[in-house]
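Please take a moment with the sequence and the coordinates before reading on, since the explanation below is meant to be followed with both in view.

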Amino acid sequence: MHAEKEIHFRDAAAKALLDPQLRANFRRAMDGLIAKRLAQFPDPRDLQDLRDLSTAIRSRSLLCLPELLEQLEASCAKNGIKVHWAETCEQANQLILGILQAKGAKTLVKGKSMVSEEMHLNAFLESKGIEALESDLGEYIIQLDGETPSHIIMPAIHKNKDQIARQFSQKIKDAKYTEDVDELTAMARKVLRQKFLDADAGLSGVNFAVAETGTLCLVENEGNGRMSTHVPPLHIAVMGLEKVVARLEDVAPLYAILTRSATGQAVSTYFNLITGPRGEGEKDGPQEVHLVILDNGRSRIYADPQLRATLRCIRCGACMNHCPVYTRVGGHAYEAVYPGPIGKILTPQMEGVGVRHDLIHGSSLCGACGEVCPVEIPIPEILVRLRREATHEDMGSTVVGKGTGRTASEDWAWRLWAGVLKRPALYRVATWFATRFGKALPASAPLIRNWTQSRTKPVPARRSLSERMRAEGVSHE
Amino acid sequence: MNGTKPKKVYFYGTCLVDLFFPDAGMAGIQLLRRAGVEVVFPEGQTCCGQPAFNCGYWEEARDVARTQVALFPEDLPVILPSGSCAGMMKVHYPELFHGQPDEAKVRAFSARVYELTQFLVDVLDVKLQDLGEPVKVTWHSSCHAVRDLGLKGEPQALIGQLSNVELAPLAREYECCGFGGTFSVRHPEVSGAMVADKIADATATGASVVLSTDGGCLMNVNGALEAKSSKLKVQHIAEFLWERTRAR
């Protein structure tokens with residue numbers, strides 16, 4: 001049974017590798033981010049303490065997720081935030097359209113939100129005649145070119161300054177060509193400033209939602225998050241249902257590890273705690289605040305005790321910054337909303353392990369992602385689990401597309417492999433042949449051909465270690 | 001073992017060392033013997049089962065792993081000249097056998113597993129005397145040795161004991177060399193880009209030898225260096241240590 005339309009990460013990755021500019025942009029950016037993060041954690045014991053605490057908070061939140069979500073809805077209602085539930089992206093899009101239409105809103109200014117990317121909200125709204133403008137500088141840059149984010153927190157990281165200079169001079173009205181970063185930023189700011197003032201509605205993501213207080217926390221560096229959520233008369237926040245924590249105290253450690261892991265900052269420039277619409281006598285803030293909570297496969301992931309760890313993610317992006325694969329191919333090669341290691345475990349769980357089988361194998365399992373993850377998501381272990389799911393129907397799990405990545409040839413190969421290796425006598429014969437005739441194997445044989453793209457063909461030694469130990473005639477038992 | 005040094009150990013060669021780096025296996029055994037330890041090399045060794053385990057074929061991996069665990073019945077340390085295979089047997093066997101009838105037996109086995117340099121330094125506390133010519137080397141840390149087994153400088157400590165050896169640190173030492181078992185043939189382009197960067201970093205150190213404790217990394221880095229006709233060589237750390245310290 002084959003998966004329908006398998007998406008081949010290998011092809012897209014191979015194509016990305018041929019772009020030297022792209023590779024240089026990512027390598028430089030990722031090396032910088034790795035160094036900045038490291039500088040924030042000078043003492044590995046302090047880091048481990050903070051990781052333990054953060055992991056415990058996220059695990060505890062997930063443990064009572066249904067109760068916390070109910071509590072969040074009640075607390076939000078008390079604060080005047082209207083909560084909406086969406087099982088699918090389609091439902092979430094319709095809900096948002098409905099909220100906008102009810103207010104007659106025609107323009108929407110957006111703070112950064114990966115969940116809205118997951119929903120393909122911009123394209124949906126545009127098809128309904130509503131302008132959705134990205135106000136995060138990186139998001140603004142890629143929207144100008146009709147691109148998708150290549151990184152979850154630095155969406156335009158695949159471009160360098162010179163590329164952006166050229167792009168702005170062509171796409172922004174009356175813009176002059178400059179490579180000065182401050183001038184470029186000022187250009188975008190000028191455009192966005194007016195958009196904030198004119199927009200009928202603002203949309204944002206949510207970093208943490210506090211169940212006890214009904215607070216929506218938003219971490220950002222540019223102030224566009226605050227503008228999007230406070231200037232327009234209507235604010236719509238969207239979040240994945242896993243983003244809830246129990247108490248306000250839970251936020252501090254998560255915030256501390258989020259900014260340090262993400263950009264190597266001890267604090268972000270802005271940290272917004274949104275507790276409802278403009279109150280009586282208050283001079284700013286929206287008149288209406290809505291919160292759309294999206295499932296899109298998350299409750300299915302939640303149902304599995306091992307895979308549930310995927311939902312601990314606080315979207316810092318450290319796993320991609322440290323990933324040797326991501327660093328070389330960049331985010332677009334993943335052909336997914338969430339790239340990098342977290343995307344490698346999240347995307348197949350959302351879209352199906354069969355259609356994403358190639359992506360699940362696009363990892364050397366080096367473990368760098370799991371090592372830096374602030375909430376200790378065992379990404380390599382989950383990848384291996386998904387590899388099992390992709391090839392085995394009988395795992396008794398709720399994983400989408402389980403067993404659909406199985407092929408007769410791979411099945412046969414592993415049976416043969418085990419058949420030989422569990423029979424030492426057979427292995428002995430096989431190694432005898434390999435040591436005597438291994439040289440004769442053509443470099444163009446299947447699989448060897450892949451190996452020899454970048455390397456010489458490995459040649460077995462003339463006598464194996466076992467053979468030499470047998471010849472030594474001692475120490476056998 | 002109660003803090004006393006064991007007198008007798010098992011040696012597990014691993015399939016890559018068995019087939020491609022037998023000298024490294026022999027050297028590991030000699031280093032242990034010289035430290036006063038009797039080395040038992042049971043017949044019937046094949047593979048730890050890691051390739052099938054990593055690819056999701058756990059039944060096949062278990063079939064092979066069971067035959068291997070059975071080769072080491074006595075309560076003796078099991079020494080491997082490979083971080084990756086030692087990681088498989090020590091850390092991943094308990095996962096692989098979780099809920100299986102023989103889980104307890106396998107866990108007891110896993111607890112006895114050591115990577116060679118870890119055992120030489122942490123358990124045997126070996127002292128080495130360098131008899132070789134001056135040489136500059138660099139060290140490639142295997143991902144699984146560091147992240148699965150928690151190796152914390154044991155190989156560097158051994159190299160540091162050699163008076164005529166200069167250890168030039170590798171830029172991005174902790175970055176994967178791109179091997180990853182079947183990853184190297186399933187995603188040959190990305191894997192190839194990773195190893196190309198690794199050999200560029202290794203070459204930039206000015207060292208003449210790249211040392212590692214892992215057969216997979218060695219095979220990968222060696223193949224890439226050979227394809228570029230580089231003068232830089234790779235060597236398993238056991239072989240390097242033994243060659244430089246053995247009486248001639």
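The paragraphs that follow go from the domains of one chain to a sheet, then to two single residues, and end at the contact between chains.

What is shown is a predicted model, and a convenient place to begin is the division of chain A into domains. The assignment gives domain 1 as residues 1-40 together with 304-406, domain 2 as residues 43-296, and domain 3 as residues 410-472. Between the centres of domain 1 and domain 3 of chain A, taken over C-alpha atoms, there is a separation of 31 Å.

Chain A contains an open sheet of four strands, arranged in the order E8-E5-E6-E9 with mixed pairing. Strand E8 (244-245) and strand E9 (270-274) of chain A form the edges, and because each has a single partner strand, one side of each is left without a neighbour in the sheet. Helix H12 (residues 251-263) of chain A packs on this sheet, where it touches E5, E6, E8 and E9 of chain A, and its direction makes about 20° with that of E6(A). Strand E5 (residues 208-210) and strand E6 (residues 215-220) of chain A are paired in the antiparallel sense over three bridges, and within this pairing A:Ala209 has A:Leu216 of E6(A) as its bridge partner.

A:Ile293 lies in strand E10 (residues 288-294) of chain A. Is this residue buried or exposed? A:Ile293 counts as buried because it has 26 C-beta neighbours inside 10 Å, the cut-off for this class being 20 or more. Apart from neighbours within four places in sequence, A:Ile293 is in contact with A:Val83, A:Trp85, A:Ala86, A:Met239 and A:Leu241. By contrast with these contacts, the C-alpha atoms of A:Ile293 and A:Met187, 106 residues apart along the chain, are separated by 34 Å.

A:Glu335 sits in the loop between helix H15 (324-329) and helix H16 (340-351) of chain A. With 18 C-beta neighbours inside 10 Å, A:Glu335 is classed as partly exposed. If residues up to four places away in sequence are not counted, A:Glu335 touches A:Ile7 and A:Ala12. A:Glu335 and A:Ala13 are 322 residues apart in sequence, yet their C-alpha atoms are 9.8 Å apart in space.

Finally, the contact between the chains draws on 53 residues from chain B and 51 residues from chain A. On the side of chain B that touches chain A, the largest share, eight residues, is supplied by helix H11 (residues 188-204) of chain B. Sorted by class, that side of chain B has 29 nonpolar, 15 polar and nine charged residues.

How values were computed. Residues numbered from 1 in each chain as written. Chains lettered and ligands numbered in written order. Predicted model: local features only at pLDDT ≥ 70, side-chain atom pairs only at ≥ 80, totals over all residues. Contact = placed C-beta atoms within 7 Å. Helix = DSSP H or I, 4+ residues; strand = E, 2+ residues; numbered from the N terminus. Nonpolar A, V, L, I, M, F, W, Y, C, P; charged D, E, K, R; others polar. Buried ≥ 20, exposed ≤ 12 C-beta atoms within 10 Å, placed from the backbone. Domains from an automatic or database assignment. Pairing = 2+ DSSP bridges. Axes fitted to C-alpha atoms, helices over the stretch in contact; angles between N-to-C directions.
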